[in-house]
Amino acid sequence: MSKIELTVNGTKHTREVEDRTLLVDLLRDHLGLTGTHIGCDTSQCGCCTIHIDGRAIKSCTMLAAQAHGANIVTIEGMAQGEELHPVQQAFTDCHALQCGFCTPGMIMAVAALLKDNPNPTDEEIYHGLEGNLCRCTGYINIVKAVKQAAQTMK
Amino acid sequence: MPGQLHAAFLRSDHAHADIVSMNTAPALARPGVQAVFAGSDARAAGYVRFPLMSNFINRNGGAPIKSDRPVLAHGKVRFVGELVAMVVAKSASAAQDALDAIEIEYRDLPAAATINDALAKGAQPLHAGVPDNRSFIWEAGDADAVAHAFPGAAHVARIDVVSTRVVASPMEPRAYLVSYDAASDCYDFHTQAQGMAMLRWQLAQLTGLPEEKLRLHLYDVGGSFGQRSSAYPEHAALMMASKKLGRPVKWVSTRSEGFLSDAHGRGIQMSGQLALDKDGNFLAARYDFKCDMGAYLTPTGCSGHLRNVAACMTGVYKTPALYGDFSLVHTNAAPIAAYRGAGRPDIAYVVERLVDKAAADMNIDRAELRRRNFIPMTAFPYTSMTGGVYELSDFAGCLDKALKAADWAGFAHRRAAAARTGKLRGIGIGTVIEGTGLGRSPSDQIALEFDAQGKLTLCTATLSSGQSHETTFTQVVAQSLGVAHEFVGFCSSRRDNEILGNGSGGSRSMVGAGSVCQIASQKLIAQALPLAAEALEVEPSQIKFAHGVFNANEGGKSISLEALARRLAGTHPHPMNVLAESSVGSTYPNGCHIAEVEIDPETGVTQVASYFAADDCGVVINHSIVEGQVHGGVMQGAGQVFGEHAVYDRGSGQLLTGSFNDYYMPRAGLIPEIRMDEHPVPSTANVLGAKGVGESGCTASLPTLVSAVMDALRPLGVPELDMPLTPAKVWHAIQDAKAQQKVKAH
């Protein structure tokens, strides 16, 4: 068993978990933060994307123990009260989600992308979303939402 | 849930084998394990036969042969991924760990993972009752008329293509929780589905239990695309576990399990011949369809491959003689079910490729050949020789809109410009139609109910898996009632199942349940009118309803529908509550898509340079939602065109594309932009005039994108290629064509 201390969305947590526990399972099953989704088991789909110390990572590919001491933000930590994060707002405005299952991971990936590159070109957006799969939207409105979010975050 | 246990499944790693022996005792001894189940338990429960949503009879009076499929394999396994045993434990990891302890010995049988192998002489039958691996042979149309027409043809175009086997891959893996309640002898299911009625009926048929014993709790669904149209063995296996152990049992699929055992889609080998006169008029068409059904027939698989293919076998063309021959073939592969379009994209693909081939053979412009053979507007309703009854459509209008918007006439300049940069540019066209709107339930119901505060909720049996019913259904009601959109709440697929109707599927939700939203609203207004009269103290005949308000003809008195609802809110049930129902028939959305591609001959990589869609999906309720559906559909087609393919190893029957590492999925930028234009010809089959839009995108994009690639390659002498058009396949085709040319030059 491993004792994990970490900060998630500004709140400190301590949990004792099996050594093999994945970070995504810690978030979902132990902390009840089910907004982070699991869509595959090969780190391809990106549904589990979260931020650790400001970087987007796939939480299915990391042991909970590796996140000991980390500062984590999940989709639940993006809105400020009633006010959506600009990326969330852009996804809403642009009809950039249909079933919504990939959306939390997409939003976390896009927020990190725009942090690193506030004015991405189309090619840079495609490259930035390569690790996130969506089966519903054809990505067209997602790319629109990235551009809108980039504008509003300027 | 309190007391919840977790299931894990042992899946066959053999494609075709007898189970010689199995010892589950070591697994039972593992920590946390509560029970282990095997095929004998499934047999004892009687959970062995899935229903078919099919009423097809062939000319010999035969129906598709329903072979047994015990929910845990019994005696024999028939595909890699088939359930063999189930471990139930206190945690998911404990259940998973214990799977390794099950001792099992297989005796391999020859595996036939492809249609051709399964139909080869001497192939090992999968099922005792299906000696030639064909569970059904069926035909549509008139063989004699076609045979009569072909000898008089000036030209016969031929094509052999395969609509590849693909994996639906909704982003949310399957996840089920089943809880048996001994007091009521009922099962509670927390599961994904496309609708209440369809899944519940299947589970009742499978288990022999009355439907009222099966209580479904349905929530948001992370995509479906037909994959969730069927009941699965895991549903019934969890029922056995929960009943025996008296506790809720949960299972969450991994993606790897999903690749192996979620129902796959498409998988049709198609051969077509089109007879034309010297002017390019179609005289007759003949098709052969060999449908890969996988190891077992699924409830929705065979009806889609038969009905939807036959209904649109003539495409958008007047073809005086038409015939199609169908075989449903068992292979040692995952079962096939409905997948976005369910036969509609497949038939559009072969028809349109055949038309393109005829145009190339006869040197006629592809758009012109289509126009020459369109069913004219004067010919509707048009009954095809294979059973389609098309309602009024404007194929030429759609075509003209698309040709203009996509600048078909100016393509030569763009091709020349691309050639100057070393690229091969091609333009592709697809003019397609599909039958939508049918459902298994005889009608759709909508309830409009007011709560104790007078707040309105719309209740429907149809379940969204991303189609935005919560937006569009409430929009129809709000507009019909003249109230604010926010006034209308939404509730779908209620547990008590008071509301009947179809699930989503076949692009039918707006056509069916959506139409009933309008009918229910009108019923509500009629029912509320005397109540408004009472409130205003005038005769009902003196009241008129307009824009959400009941107005008295004289005296200036009025009351809004919302105010009336609040005023009457104390009574239960609320006197303005209504339940409306209606049944709707088939509608036929259609359209013309035009795409351009550029191929780099050095790498074989294809870029989609432009994509234009002119669609007649009838009256559009919400443009954003329609556009989103077309985007998603076009991209799913593009996935199949450029890479998606579920590949089984021929010898071993192992799935070679078993993860997102190996299975191509469309990613951002595959099609940078889709321009759309609506060309609505209102449907006369429902009150909204809607025609359905969920599947039209991929119905059109399969033929359109392949048409564009072939147009880019044809000048090099590349022969007809087939999906998936991967860079490797395209590059090799270009190299081969160049080598041929060199040989000719010498």
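This report describes how chain A is divided into domains and how two of its helices pack, as seen in a predicted model.

Chain A is split into domain 1, covering residues 2–77, and domain 2, covering residues 86–152, and the C-alpha centres of these two domains lie 21 Å apart. Across the boundary, 15 residues of domain 1 of chain A are in contact with eleven residues of domain 2 of chain A. On the side of domain 1 that touches domain 2, strand 3 (49–52) and strand 4 (55–58) of chain A each supply at least two residues, and the largest share, three residues, comes from strand 3 of chain A. By character, the residues of this side of domain 1 of chain A divide into six nonpolar, eight polar and one charged.

A second contact in chain A joins helix 2 (residues 86–93) and helix 3 (residues 103–116), whose axes come within 9 Å and cross at roughly 125°. Since angles over 115 degrees but not over 145 fall outside the perpendicular and antiparallel ranges, helix 2 and helix 3 of chain A are therefore oblique to each other. The crossing of helix 2 and helix 3 of chain A is right-handed, and the residues that make the contact are set out below.

| Helix of chain A | Residues making the contact |
|---|---|
| Helix 2 | Val87(A), Gln88(A), Phe91(A) |
| Helix 3 | Thr103(A), Ile107(A), Val110(A), Ala111(A) |

The residues of this contact between helix 2 and helix 3 of chain A divide into five nonpolar, two polar and no charged.

Definitions and conventions: Residues numbered from 1 in each chain as written. Chains lettered and ligands numbered in written order. Predicted model: local features only at pLDDT ≥ 70, side-chain atom pairs only at ≥ 80, totals over all residues. Axes fitted to C-alpha atoms, helices over the stretch in contact; angles between N-to-C directions. Helix = DSSP H or I, 4+ residues; strand = E, 2+ residues; numbered from the N terminus. Parallel < 35°, antiparallel > 145°, perpendicular 65-115°, else oblique. Left-handed = near helix turned anticlockwise from the far one by under 90°. Contact = placed C-beta atoms within 7 Å. Nonpolar A, V, L, I, M, F, W, Y, C, P; charged D, E, K, R; others polar. Domains from an automatic or database assignment.
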